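Q: I'd like a close look at one small part of this model, and then a walk outwards from there. Could you take me through it step by step?

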Amino acid sequence: MSTNEIIFEDVSKFYGEVLGVNKVTLHIPPGITSLVGPNGSGKTTLMNLMTGLILPDRGSISVLGLSPRDPEHLMRITGYATQFDSAPRWATGLEFVSTGLTLYGYSAAEVRERAWRALELVGLTDAADRKVAAYSKGMRQRARLAQAIAHDPQVLVLDEPLNGLDPLVRADTIALFRHYAAQGRHVLLSSHVLQEVDLISDQVILIANGMIVAEGEIRDVRDEISDRPSQFILRCRDASRIASLLFNEDHVTEIRMNDDHLGLLVMTRNREEFSRALTRIAVAGYVIDGVIPADENVDALYEYLIGGGRA
Amino acid sequence: MAVYRLGYQRYQGPLTTHWQRLLVLPRYAWRRLFQQRLVLILLVASLIWPLLCGGYIYVSHRLDLLGSLPGNLKDAVEIGGKFFLVFMDVQAVFSVLLAALAGPGLIAPDLANNALPLYFSRPLTRFDYVAARMATLVGLLSLITWIPGVVLFWMQAGMAGWSWFAVNWYLGAGIFFGFALWILVVSLVALACSAYVKWRIVAGGLVLGFFFILTGVAQMVNAVLRVGWGSLLNPARSHYILWSAMLGVDLPPGPGVWPCVIVLTVTALALALVLERKLRAVEVIS
């Protein structure tokens with residue numbers, strides 16, 4: 001059993017007759033992994049399964065070699081922030097984080113230090129002595145994040161962690177996730193904001209109707225989708241001429257010209273052939289300022305693989 | 001695939017023991033409970049009867065004060081099983097009231113606020129959580145049950161002398177184990193009601209109802225069917241019968257000791273099952 005991966009082996013979970021997730025097999029390496037899928041697709045179920053809050057009906061789960069049935073060991077290395085506002089009404093931000101830490105068995109001094117450090121990381125020190133019940137939505141979100149990171153976990157599981165955060169705090173939080181990932185930790189999060197997922201994720205897991213639709217690095221997942229032509233945006237000076245040259249290529253299925261005649265949207269069934277064609281065009285003396293993949297992002301993957309309503 | 005510099009180091013410092021960690025929850029709960037005026041008033045009221053009993057024991061050993069009493073009254077003040085049975089019976093009522101006041105606030109708010117995932121995202125099992133919640137009630141109820149009971153027993157033993165203790169030592173054991181069993185059942189009832197109903201006031205009512213309504217139902221069954229086993233439906237009565245046996249007092253009419261043991265065991269298991277079913281980190285509504 002790998003001690004550096006989160007592993008799901010043929011995991012199924014049913015809520016009575018309702019499907020939670022079905023036959024999920026995943027190997028999640030360190031880094032930032034985003035769970036993407038429509039409402040009710042099974043994202044939270046996956047998170048609850050890996051933190052042992054629910055147990056699978058079938059299959060096995062291992063988090064860095066530990067079983068979710070063993071919270072005593074698992075939860076020492078795992079931090080989980082659910083999407084619920086569950087802080088007690090009597091607790092201040094500092095008390096909320098400290099109380100959780102005492103359950104890990106740290107000394108009082110260690111608890112104080114860690115709680116304060118966690119609040120610092122999420123930018124809540126100014127409000128540390130105010131009741132959580134009086135916090136704004138974004139502050140409560142940060143308090144939830146603080147209690148999840150206070151014990152310095154190796155695996156961070158976060159359900160919609162960026163909801164309700166203002167742009168500055170959002171940027172700081174993403175930087176924190178990146179810092180965690182750079183240390184070889186796992187940051188697993190679900191998000192409804194696909195552009196954000198695109199920006200921060202090392203890998204994505206697309207889930208729909210309780211089944212894994214795709215997993216891996218965004219580029220690799222896109223490469224696997226062969227029935228959809230790849231889209232590229234070309235910035236070039238002689239767009240009409242380049243378009244006519246590209247039309248002679250068999251693999252090019254569609255070309256749209258920008259209104260300013262300085263760019264093209266090209267759809268191709270063969271990325272390698274397209275790359276070679278561009279080289280030929282450039283060698284022939286045409287100036288191509290830039291080539292940008294237009295559908296190597298979660299938004300496009302979501303559209304191709306899940307379609308319909310967004311998460 | 002990104003390449004990561006594995007710079008993360010796990011905490012290697014000292015940690016408190018498992019049981020010390022579990023006591024964190026009762027500690028917080030007690031602090032909040034003792035901030036409630038009603039709990040304090042009831043707690044103080046619950047200690048009046050033990051004080052009176054203590055006074056009674058003291059007076060019973062002041063033979064100079066008793067000298068003027070008629071013979072049958074002297075017999076009546078004898079400190080023995082019957083005396084401690086009455087003491088336990090009265091304290092049992094107070095303990096139900098206290099459990100009805102303190103118990104519902106232990107689990108119901110956690111369920112109502114969806115806070116269980118917060119607890120179970122710590123190194124804490126469901127069993128640990130229930131044990132910690134139960135410890136809150138056990139600690140609170142101990143203050144008004146076996147602790148004053150055992151103090152009274154030692155007070156009597158101290159005043160009556162070694163010969164009394166040698167003959168009546170089982171009374172001390174009976175008080176401790178009798179109350180321990182009672183606290184277990186009362187705590188389970190309070191926790192199960194708290195887990196079953198998210199609204200604290202209703203949960204408190206349910207705790208009282210469990211004991212007082214079942215008392216009425218048991219009496220009705222006995223009266224209507226002209227039987228004695230109806231008392232088995234009343235957990236308080238079952239305990240009374242058990243305590244009578246433990247304290248060497250004549251058993252009251254009705255079912256014997258073993259049927260009471262079986263009924264109480266089944267009751268405790270059923271309540272534990274309710275907790276097992278209701279205390280899930282994620283509530284499943286299908």
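In which sense do strand 1 of chain A and strand 2 of chain A pair, and over how many bridges?

A: Happy to! Please keep in mind that this is a predicted model. Strand 1 and strand 2 of chain A pair in the antiparallel sense, and seven bridges hold the pair. The two strands make a hairpin, with two residues between them. In that turn sits A:Gly16, whose phi is positive, about 65 degrees. Beside the turn you can find one facing pair, A:Tyr15 opposite A:Val18 in strand 2 of chain A. As background, strands of a sheet pair through backbone hydrogen bonds, either parallel or antiparallel.

Now look at the other neighbour of strand 1. Strand 1 of chain A, residues 6-15, is also joined to strand 4 of chain A, by five bridges and again in the antiparallel direction. Here A:Phe8 stands opposite A:Ile61 of strand 4 of chain A. Put together, the hairpin belongs to an open sheet of three strands in chain A, ordered 2-1-4, with antiparallel pairing. Its edges are strand 2 (18-28) and strand 4 (58-63) of chain A, each pairing on one side only. From one strand to the next, the twist averages 20 degrees.

Chain A has another sheet to set beside this one. Six strands of chain A form an open sheet in the order 5-6-7-3-8-9, and the pairing is mixed. Strand 5 (78-81) and strand 9 (211-216) of chain A are the edge strands, each with pairing on one side only. Neighbouring strands of the six-stranded sheet are turned by 15 degrees against each other on average, direction ignored. At one end of the order, strand 8 (residues 203-208) and strand 9 of chain A run antiparallel and are joined by five bridges. Among the residues there, A:Leu206 has A:Ala214 in strand 9 of chain A as its bridge partner.

Helices cover parts of this sheet. Helix 1 of chain A, residues 43-50, packs on the sheet and touches strand 3 (31-36), strand 6 (155-159), strand 7 (186-190) and strand 8 of chain A. The direction of helix 1 makes about 150 degrees with that of strand 6 of chain A. Helix 11 of chain A, residues 298-305, lies across strand 3, strand 8 and strand 9 of chain A, and runs at about 30 degrees to strand 8 of chain A.

Next comes the partner chain. In chain A, 39 residues are in contact with 32 residues of chain B. On the chain A side, the elements giving two or more residues are helix 2 (71-77), helix 3 (93-102) and helix 6 (167-182) of chain A. Helix 2 of chain A makes the largest contribution to that side, five residues. Sorted by class, the side of chain A that touches chain B has 17 nonpolar, 14 polar and eight charged residues.

Chain B itself is built from 15 helices and zero strands. Its C-alpha atoms fill a box of roughly 95 × 50 × 35 Å along the principal axes. Of the 286 residues in chain B, 39% are buried.

For a helix-to-helix contact, try helix 8 (residues 104-112) and helix 13 (residues 200-225) of chain B: their axes come within 9 Å and cross at roughly 140 degrees. That angle is why helix 8 of chain B counts as oblique to helix 13 of chain B. The crossing of these two chain B helices is right-handed. Helix 8 of chain B brings B:Pro104, B:Gly105 and B:Ala108 to the contact, while helix 13 of chain B brings B:Arg200, B:Ala203, B:Gly204 and B:Val207. Those residues divide into four nonpolar, two polar and one charged.

Helix 8 of chain B is a good place to finish. Its buried residues are B:Pro104, B:Gly105, B:Leu106, B:Ile107, B:Ala108 and B:Asp110. They pack against helix 2 (24-33), helix 7 (81-102), helix 9 (116-120), helix 10 (126-142), helix 12 (162-196) and helix 13 of chain B. After helix 8 of chain B comes B:Asn114, with a positive phi near 60 degrees.

Key
Residues are numbered from 1 along each chain as its sequence is written. Chains are lettered from A and ligands numbered from 1 in the order in which they are written. This is a predicted model: local features need pLDDT of at least 70, side-chain atom pairs count only at pLDDT 80 or more; totals for chains, interfaces and linings use all residues. Two residues are in contact if their C-beta atoms, placed from the backbone, lie within 7 Å. Helices (H or I, at least four residues) and strands (E, at least two) are DSSP runs, numbered from the N terminus. Ala, Val, Leu, Ile, Met, Phe, Trp, Tyr, Cys and Pro count as nonpolar, Asp, Glu, Lys and Arg as charged, and the others, Gly among them, as polar. A residue is buried if 20 or more other C-beta atoms lie within 10 Å of its own, exposed if 12 or fewer, and partly exposed in between; C-beta atoms are placed from the backbone. Two strands pair if DSSP finds at least two bridges between them. Axes are lines fitted to C-alpha atoms, for helices over the stretch in contact, and angles run from 0 to 180 degrees between N-to-C directions. Angles under 35 degrees count as roughly parallel, over 145 as roughly antiparallel, 65 to 115 as roughly perpendicular and the rest as oblique. A crossing is left-handed if the near helix is turned anticlockwise from the far one by less than a right angle, and right-handed if clockwise.
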